[in-house]
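Got the viewer open? Let's take a short walk through this one, selecting as we go.

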Amino acid sequence: MEETKVVTGAWELSTFKFNVEGRGLQLMLKHMKDRKLMGIKCHQCGTVYLPGPFYCRKCHIKIDEPAEVSDHGQVMTFTIGYADVRGNPLDEPRIAPIVKLDGCDSWIMGVMQGCAPEDVHVGMRVKVQWAEETTGSLQDMQYFVPE
């Protein structure tokens, strides 16, 4: 087994600039309360993003057309974690798929449950498992499960 090394210290982030695109995230959260995913579509090229940015990354124009996205999609890639960020072994492997939802061109990352690590594969159909009670937060979309 490979040795896990821990590097202590801090990362200096003051030299980086971050641009948080809050409008698209707010739109998405507003509709998640109703168990719907709402992205933003480019009126020029038709690309749909989730969460939606304020500009199309292909056409470089401002966009603001809401577009409903399915809560079903397919696994584009995935990773399986066997340890936490400190290198401590997990009780169970954690599957982290990146999913392209139907009706959307961007991909989102999540956690998958209800599936053994050896059964996950690229192209696998999955759906969002919604929280029993939705509140309009990112926790409403709990994880992905196989279709």
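**Stop one: a pair of strands**

Pick Val75 and look across to strand 5: the bridge partner there is Val99. Bear in mind as you click around that this is a predicted model. Now widen the selection to residues 72–83, which make up strand 4, and residues 89–101, which make up strand 5. These two run antiparallel and pair over nine bridges.

**Stop two: the whole sheet**

Add the other strands and you have an open sheet of five, ordered 6-5-4-7-8, with antiparallel pairing. Which strands sit at the edges? Select 107–109 for strand 6 and 141–146 for strand 8; each of them pairs on one side only. Turn the view and check the twist: ignoring direction, neighbouring strands here are turned by 35° against each other on average.

**Stop three: the charged cluster**

How many salt bridges does a search of the whole structure find? It finds two. Select Arg125 and Asp102 to see one of them, where the closest N and O atoms are 2.7 Å apart. Arg125 belongs to strand 7 (residues 125–130), while Asp102 is in the loop between strand 5 and strand 6, so this pair links distant parts of the chain, 23 residues apart. Show the surface too: Arg125 is partly exposed, at 31% relative accessible area, and Asp102 is partly exposed with a value of 31%.

Keep Arg125 selected and add Glu147: they form a salt bridge as well, with the closest N and O atoms 3.5 Å apart. Glu147 lies in the segment after strand 8 and Arg125 in strand 7, so the contact ties together parts 22 residues apart in sequence. Finish with Asp102, Arg125 and Glu147 shown together, a network linked by salt bridges.

Note on methods:
Residues numbered from 1 in each chain as written. Predicted model: local features only at pLDDT ≥ 70, side-chain atom pairs only at ≥ 80, totals over all residues. Heavy atoms only, no water. Pairing = 2+ DSSP bridges. Helix = DSSP H or I, 4+ residues; strand = E, 2+ residues; numbered from the N terminus. Axes fitted to C-alpha atoms, helices over the stretch in contact; angles between N-to-C directions. Salt bridge = Lys/Arg side-chain N within 4 Å of Asp/Glu carboxyl O. Buried < 20%, exposed > 50% of the residue type's maximum accessible area, 1.4 Å probe, protein only.
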